[in-house]
Amino acid sequence: MTLICAVIAADTQGAAKVAAAQALMCGAEAFEVRIDALLAVPEDLSFLPIAKPVIVTFRSEMDGERREIFAAALDAGATYVDIESSSVLRDRFPRDRVICSYHDFGRTPAMQEILSIFQDLSASGIPKAAFMVRGPADLWEIWKSALVLKQSGEPFILIGMGVAGEITRIRATDIGSMVTYCTMRPEDASALGQITVVEAVRLGLDPLATAIIGWPLEHTRSPQIHNAAFLAAGIRGRYVRIPVPEHELPLVPAVFRCYRIAGANVTIPHKQAIIPHLSKLSPKAHAAGTVNTICVGTDGTLTGTNTDLVGIAAALAALGNDPAGKRALIVGAGGAARAAAACLISAGAKLFVTNRTTEKAAVLAAEFGAVAVPLDALRPEYDLVINATPAGMSGFSAEIPVPVSILSPDTAVFDMVYEPETTPLLSASRSAGVRVAVGGKSMLIEQAAASFALWARKDADRTAMTKAFGGQP
Ligand code: ATR
């Protein structure tokens with residue numbers, strides 16, 4: 001069984017003792033004590049928290065000093081010493097007291113290479129390898145390697161690092177890893193994809209796992225709002241980021257099945273591109289030709305659906321007038337634009353579409369019975385302007401995707417971008433004195449709540465989600 005191992009990286013022995021006591025109270029089942037985090041190398045190791053299995057780690061160039069510390073640690077009751085595979089010390093201690101470790105902070109190699117690394121490591125102790133995970137292909141190699149390693153029946157530690165590696169920590173029990181390393185402080189957790197001890201204990205051995213796929217994913221707020229909803233609903237669930245480059249989309253179904261991901265959101269730029277990789281579509285997703293939500297059935301089938309439609313309907317309601325008979329301009333021709341088109345057509349709007357790539361606007365317009373308008377032919381003649389591009393979003397270009405000259409005091413503006421809350425388009429709209437201008441927050445919360453309800457089979461707490469977003473409930 002996988003042990004929840006609290007990493008104790010304190011700068012004094014006293015602080016290490018306090019951190020270990022706190023970790024124990026939170027439910028930690030093992031400790032890794034980082035001697036290298038201490039400001040001074042300890043004279044004796046009686047402070048080690050030997051109430052549970054203890055791994056002593058000491059990364060340093062000073063081999064003589066390290067050798068003494070490792071020997072003293074084992075004498076003081078440490079269960080294991082962690083020694084890197086590159087160290088001359090790796091064969092100097094009994095094999096059953098050594099964790100022989102290997103880290104690659106840049107990549108995850110293919111399965112054959114992973115297995116040969118493990119073979120080498122196991123000559124000196126319990127093999128431990130941690131690889132930087134960049135996307136589904138790396139997750140797949142880790143999964144296949146775990147299947148082989150498990151067959152040996154010998155203990156091993158296998159970790160995927162980074163944001164995309166978080167799912168390997170959530171599923172450490174399935175992977176068969178002897179321990180999963182957790183931090184005590186949330187601020188230490190994110191970069192390596194570690195979770196806190198408190199969260200690991202809360203999640204238990206078999207949490208509900210959900211995810212977001214897209215590229216890039218740095219700026220999404222979906223994880224924080226979904227994780228808040230899990231907490232509020234008392235569900236042992238965790239929503240993780242899996243950045244997916246376009247060419248790795250075909251691997252998504254296999255990765256979802258093996259890591260038992262029950263559902264996922266799909267974001268830019270994959271809302272249409274994911275469709276050929278799904279088993280089926282809901283009628284609404286089929287009609288809109290775009291997917292923002294995937295549900296994985298117990299039989300492993302992936303169904304694409306679209307909760308952006310309810311999110312957009314909520315945002316349109318917030319604009320305060322019925323789109324029926326109104327001239328509505330959609331900016332963009334990707335998946336989000338399609339969802340907006342489906343919504344507006346069913347609400348009876350007269351639809352216009354513009355996009356930086358004119359041909360894509362023409363295709364979308366033809367499909368929905370709308371009129372495509374080149375960007376340079378736009379005039380101030382729209383009652384409603386909807387931005388369905390990422391222009392203005394943090395991490396993307398800070399441009400306004402339409403000429404500001406089309407904004408007038410009669411216009412209502414809806415910008416689907418929610419990060420930053422005041423986008424360049426919204427601030428230009430307010431300067432132009434438009435009738436009303438709303439950002440993407442209400443759409444984000446509503447689509448998230450609808451997706452959550454599909455996966456968790458419980459209503460989402462919108463107040464908790466909104467609070468986690470960072471605004472007022
Ligand atoms: P999704 O399907 O998730 O909505 P997408 O298919 O990549 O994502 O669509 C994004 C839309 O935003 C596209 O219409 C894109 O324009 P192109 O068709 O020319 O690619 C548009 N878009 C992306 N970045 C943009 C930017 N900086 N300025 C204006 N439009 C942009």
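Where does the ligand lie with respect to domain 2 (210–306 + 445–469) and domain 3 (318–439), and why?

## Domains and ligand position

In this predicted model, the residues of the shell around the ligand come from both domain 2 (210–306 + 445–469) and domain 3 (318–439), so the ligand lies between these two domains. The domain assignment of the chain also gives domain 1, which covers residues 3–206. Between the C-alpha centres of domain 1 and domain 3 there is a distance of 50 Å.

## The surrounding shell

The ligand is surrounded by 18 residues, of which the closest are Ala 333, Gly 335, Asn 355, Thr 357 and Lys 360. Sorted by residue class, this shell consists of 6 nonpolar, 8 polar and 4 charged residues. As for its site on the protein, the ligand occupies the largest pocket.

## Polar contacts and burial

Backbone and side-chain atoms both appear among the polar contacts of the ligand: a polar backbone atom of Ala 333 is 2.8 Å from an oxygen atom of the ligand, and a polar side-chain atom of Lys 360 is 2.8 Å from an oxygen atom of the ligand. A further backbone contact involves Ala 336, where a polar atom lies 3.1 Å from an oxygen atom of the ligand. Of the 640 Å² that the ligand exposes when taken alone, the protein buries 86%.

Ala 333 and Lys 360, which make two of these polar contacts, are also listed among the closest residues of the shell.

Terms used
Residues are numbered from 1 along each chain as its sequence is written. This is a predicted model: local features need pLDDT of at least 70, side-chain atom pairs count only at pLDDT 80 or more; totals for chains, interfaces and linings use all residues. Side-chain values use heavy atoms; hydrogens and water are left out. A residue is near a molecule or strand if one of its heavy atoms lies within 4 Å of it. A polar contact is a pair of N or O atoms within 3.5 Å; within protein, one must be able to donate a hydrogen and the other to accept it, and residues adjacent in sequence count only if both atoms are side-chain atoms. Accessible areas come from the Shrake-Rupley method with a 1.4 Å probe; for residues, only the protein chains shown count as cover. On a 1 Å grid over the protein atoms alone, a cavity is a set of points where a 1.4 Å probe fits but cannot get out, and a pocket is an open set with protein on both sides within 12 Å along at least five of seven lines; lining residues have an atom within 4 Å of a point. A molecule sits in a cavity or pocket if more than half of its atoms lie within 2 Å of its grid points. Ala, Val, Leu, Ile, Met, Phe, Trp, Tyr, Cys and Pro count as nonpolar, Asp, Glu, Lys and Arg as charged, and the others, Gly among them, as polar. Domain bounds come from an automatic or database domain assignment.
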